[in-house]
Amino acid sequence: MTSATSQDFHRGQVLLIRSAGEIAATLDADGKLDGLPFMPEMVRFCGTSARVHRHADKTCVEGAGFRRLGGTILLEDLRCDGSAHDGCQRGCLFFWKEAWLRAAGPADPSGNPDAAFPVDLPTRREDRYVCQSTELLAATRPLSRWDLSHFLLEIRRGELAVPDFLQIFLGTTLNRFLRLLGRRPAGALAGSRRSTPAGALDLHPGDWVEVLSGPEIRATLDDAGKNRGLTFEPGMSEHAGKRFQVDQSLERIILEETGKMVHLAHTVSLKGVTCRGVCSKNCPRNNILYWRESWLKRV
């Protein structure tokens, strides 16, 4: 099925998530709308309200760069708990098609979640998991690197500050120049180790840690900027020397490109530390960042 015309929702607005029956009526036989699945983990929010975090007119897709989405909203703090996907801990913000939402009114209940969903919502297809993350490539369209209209729309909506736009524009220009010279993007760290350390802090939720300095982190990385296969992302450099509490230990995540579950060790997420998108063209996904224990020290 295809979604309805875009509605004028705005950041911070309280929206009501439609009932399970209303949402089910918009889905095709695969439990999707415009190629985007409605996931079992989303059912508990049917009939409740939440605030708009961002429009998702575009999104980054792992392995494919930026893609156009449209007619889709991200709601504040509504993240996947992985309960229907064998405990995946990616913690992705859900994508909500505008057809699944409406403006909340004063007579709407503050919380009245539906208990059941009237149709089956697949979570696996053959040997891979099915979720919004794994289906994101098929649910999006190409976005030209020369198309700046999405930035202008985000500025008009108040979802992108002009200084951040200038930072994105200048950073993108600089990184293209660096690539021409065969160098890594600004903020990206790389080391020279063949065997990278695992770290053994045995961290638990609530523990306080400090992010190591750039040179200390570089000493844990190989020449691809990875520690045991996990990349230290350029946007993580801004947190060097800062202190945070551990949110959770990360042990299993589903890979977006393959739909396969992989297992992690000595890796945590930090409270309040997510990708702001400024280093990636204002991507709205607000993804949780993964931290190897070897990039941290106990306070």
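1. Let's start with Trp96, which is buried, its relative accessible area being 0%. This is a predicted model, so please read each point below as a description of that prediction. Trp96 belongs to strand β8, residues 93–97. Phe38 is buried as well, at 2% relative accessibility.

2. How do the rings of Phe38 and Trp96 sit relative to each other? They form an edge-to-face pair, with 6.1 Å from centre to centre and 70° between the planes. The two residues come from distant parts of the chain: Phe38 is in the loop between β3 (36–37) and β4 (49–55), and 58 residues separate it from Trp96 in β8.

3. Phe38 has another aromatic partner, Phe117, and here the rings are stacked, at 5.2 Å centre to centre with 15° between the planes. Phe117 lies in the loop between β9 (101–103) and β10 (124–125), while Phe38 lies in the loop between β3 and β4, so this pair ties together parts that are 79 residues apart in sequence. Both Phe38 and Phe117 are buried.

4. It helps to see these pairs as part of a wider group. One aromatic cluster is made up of Phe38, Phe45, Phe94, Trp96, Trp100 and Phe117. The count of aromatic pairs comes to nine.

5. Which residues does Phe38 touch, leaving aside those up to four places away in sequence? The answer is Ile23, Leu27, Gly31, Val43, Cys46, Trp96, Trp100, Phe117 and Leu121. Trp96, Trp100 and Phe117 on this list are also members of the aromatic cluster.

6. Now for the nonpolar cores. The largest has 27 residues, and the members that touch the most others are Phe38, Leu75, Trp96 and Phe117. Two or more residues come from each of β1 (14–17), α1 (20–24), β4, β7 (72–79) and β8. Another core lies apart from this one and has 24 residues, including Leu212, Phe232, Leu250 and Ile253.

7. Turning to charged side chains, a search of the whole structure finds 20 salt bridges. One of them joins Arg18 and Glu22, with 3.5 Å from N to O. Arg18 counts as partly exposed at 22% relative accessibility, and Glu22 is also partly exposed, with a relative accessible area of 40%.

8. Lys97 and Asp34 make a salt bridge too, again given as 3.5 Å from N to O. Lys97 is in strand β8 and Asp34 is in the loop between β2 (32–33) and β3, so to speak a link across distant parts of the chain, 63 residues apart. Is each end buried or partly exposed? Lys97 counts as buried, at 1% relative accessibility, whereas Asp34 is partly exposed, with a relative accessible area of 23%.

9. A further salt bridge brings together the side chains of Lys58 and Glu154, at 3.3 Å from N to O. This pair also links distant parts of the chain: Lys58 is in strand β5 (residues 58–61) and Glu154 in helix α2 (residues 149–157), with their positions 96 residues apart in sequence. Lys58 and Glu154 are both buried. In addition, Lys32, Arg125, Arg128 and Glu135 are joined into one network by salt bridges that share partners.

10. A charge also meets a ring in this model. The charged end of Arg124 sits over the ring of Tyr129, 4.2 Å from the ring's centre.

11. Next, have a look at the open sheet of five strands, which follow the order β20-β19-β16-β13-β21 with antiparallel pairing. Why do β20 (291–292) and β21 (296–298) each have one side without a neighbour in the sheet? They stand at the edges, each with a single partner strand, so one side of each is left free of a neighbour there.

12. Finally, follow β13 within that sheet. Strand β13 (residues 208–211) runs antiparallel to strand β16 (residues 243–249), and three bridges join them. Val209 stands opposite Phe244 in β16, and Glu210 stands opposite Arg243 in β16. β13 also pairs with β21 in the antiparallel sense, over three bridges. Here Val211 stands opposite Leu296 in β21.

Notes
Residues are numbered from 1 along each chain as its sequence is written. This is a predicted model: local features need pLDDT of at least 70, side-chain atom pairs count only at pLDDT 80 or more; totals for chains, interfaces and linings use all residues. Side-chain values use heavy atoms; hydrogens and water are left out. Two strands pair if DSSP finds at least two bridges between them. Helices (H or I, at least four residues) and strands (E, at least two) are DSSP runs, numbered from the N terminus. Rings of Phe, Tyr and Trp (its six-membered ring) pair if their centres lie within 6.5 Å; planes under 30 degrees apart count as stacked, over 60 as edge-to-face and the rest as tilted. Buried means under 20% relative accessible area, exposed over 50%, partly exposed in between (1.4 Å probe, protein chains only). A charge sits over a ring if NZ of Lys or CZ of Arg is within 6 Å of the ring centre and within 35 degrees of the ring normal. A salt bridge is a side-chain nitrogen of Lys or Arg within 4 Å of a carboxyl oxygen of Asp or Glu. A nonpolar core is a set of buried Ala, Val, Leu, Ile, Met, Phe, Trp, Tyr and Cys residues joined through side-chain atoms within 4.5 Å. Contact means heavy atoms within 4.5 Å.
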